[in-house]
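Subject: Structure handover

Hi,

I hope your week is going well. Here is the structure I promised to pass on, and my notes come after it.

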Amino acid sequence: MNNKIISKRFGKLTDPASVSEYRAMGGYTAIQQAILTEKEHILEEIDKAMLLGRGGASYPMGRKWHHLYENPRFPKYIVCNADEGEPGTFKDKALLSLDPHSVIEGMLIAGYLFSADEGFIYIRGEYRTIQETFQRALDDAEQNGYLGQDILGVKGFNYTITIVSGAGAYVCGENSAMLNSIEGLTGRPRVKPPHLADIGLHKQPTLVNNVESFANVPVVLNMGGEAYRALGTEKDGGTRLICLSGHIKNRGMFEIPLGMPLDEIIYGEEYGGGMASGKPLGFIHFGGQSGPIGFPEQLEGLIYSYEEMRARSLAIGSGALVVMDDSVSVVEYLESVMGFFIHESCGKCTPCRLGTTRLHELLGSFVKGRAGQEDLSRLENMLTHITNLSSCGLGQSVATSVRCAIRHRRNEFAALIGN
Ligand SMILES: Cc1cc2nc3c(=O)[nH]c(=O)nc-3n(C[C@H](O)[C@H](O)[C@H](O)COP(=O)(O)O)c2cc1C
Ligand code: SF4
């Protein structure tokens, strides 16, 4: 099966910023179709596609779009989350640099559907040259009548897209922190509710979706929601861009149909190709640093889809799979994960700000063999407090990987307790 649906143009465009090249490979046909159909029909197709957001939380796109559509307040804003801060995740980078018009077309369809005049794309600051490519793509889209005034001859369809550069803070990928950053405020998460579809950018109804989520919109409209869903599973439609890294033989980005057996992803010659070292698999960290860790006995026969992963307390998250062979101590690995969270906590809530440091120290004491008999239960206690008392997704997910390791590798922690 040819799995290339949203990566089909990757590497095939001489200048990815060129509208004419994108059009020559089937681009800008979905927006042509969208302006000729009832808006409700667009929503129906997104519903049927069972497209779950690709940014990490797997929130159903149809549900989010309905919520915004039903809000009678205007203006509405469209925001594309291209912060891509989750370690081990590099798929949005590929879309932005190798097929930027697919993202622009997705944002354009959203602009038309929600009668928004302004769209923003918040691109990770480190992607400086990609920002330049994306700007050239936006300029070419405007010159060809896909952005600006009375787009495609539709009176009143006025829409612009502006790039906003991130500045290296992981927390600014959290949707409300990102809106604060776009507004020029400190990039710290807002208290939720309210939902961003009610009170978002400049306190107006706002749509925030990930790069890959937007790039899927033209695909869904072109092939029809039902056909798109059928590429994946019943509750998780389509394909996904996944990022393989760590001790795997073939590191990189791959497009796979949702519902593929995990074994094929890790060991299939077309995909991961197995462990580079030839050693057995130790564990896989799914969805970046904030996601769960899966151990071999949990992964047997696993199908890579939202519902199957969830049934085993795992998650797809951002699509990252950090694969470690059995030479790695999971406790040491977690100590370094915690170093990342200390650095990235925005400091607004005490349990997250101080808790990440305390967790790092405690994990370090296990690694050094200095942990005492009480420290495993102290560790579990701390995880509960940080999760329950942190106000945003960053603090709430700090404990995820540590909990998985304690549940499945308690003996490894216990073996490190000193006397
Ligand atoms: C700390 C943190 C960082 C995040 N970083 C990103 C990111 O870099 N890119 C992204 O699309 N979503 C990120 N998210 C998720 C967003 O808050 C939001 O759910 C997403 O952009 C919605 O788009 P989607 O529904 O299309 O997935 C992050 C969430 C948290 C809590
Ligand atoms: S949980 Fe952490 S990152 Fe989130 S707002 Fe609180 S301090 Fe900031």
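Below is what I found, starting with the ligand and then moving to the two sheets.

Please keep in mind that this is a predicted model.

**Around the ligand**

The shell around ligand 1 has 23 residues, and Gly53, Gly55, Gly173, Ser213 and Gly393 come nearest. By residue type, the shell divides into seven nonpolar, eleven polar and five charged. Two elements, strand 4 (206-210) and helix 17 (393-397), each supply at least two residues to the shell around ligand 1. The largest share is that of strand 4, with three residues. On the domain level, domain 1 (19-231) and domain 3 (330-415) each give at least three residues to this shell.

**The parallel sheet**

Strand 4 also belongs to an open sheet of four strands, in the order 3-2-1-4, with parallel pairing. Strand 3 (160-165) and strand 4 stand at its edges with a single partner strand each, so each has one side without a neighbour in the sheet. On average, neighbouring strands here are turned by 20 degrees against each other, ignoring direction.

Looking at one pair in this sheet, strand 2 (residues 118-123) and strand 3 are parallel and share six bridges. One of the pairings to look for is Glu118 with its bridge partner Thr160 in strand 3. Helix 7 (residues 128-143) lies across strand 2 and strand 3, and it runs at about 170 degrees to strand 3.

**The mixed sheet**

The other sheet is open too, with five strands in the order 6-5-11-8-9 and mixed pairing. Its edge strands are strand 6 (252-257) and strand 9 (293-294), each of which pairs on one side only.

Strand 5 is a good place to see both senses of pairing. With strand 11 (residues 320-325), strand 5 (residues 239-246) pairs in the parallel sense over four bridges, and Gly246 stands opposite Val323 of strand 11. With strand 6, strand 5 runs antiparallel, and six bridges join the two. Leu244 has Gly252 in strand 6 as its bridge partner. Between strand 5 and strand 6 there is a hairpin, which joins them through five residues.

If you open the model in a viewer, strand 4 may be a handy starting point, as it gives three residues to the shell around ligand 1 and stands at an edge of the parallel sheet.

Best wishes

Key. Residues numbered from 1 in each chain as written. Chains lettered and ligands numbered in written order. Predicted model: local features only at pLDDT ≥ 70, side-chain atom pairs only at ≥ 80, totals over all residues. Pairing = 2+ DSSP bridges. Near = placed C-beta within 6 Å. Nonpolar A, V, L, I, M, F, W, Y, C, P; charged D, E, K, R; others polar. Domains from an automatic or database assignment. Axes fitted to C-alpha atoms, helices over the stretch in contact; angles between N-to-C directions. Contact = placed C-beta atoms within 7 Å.
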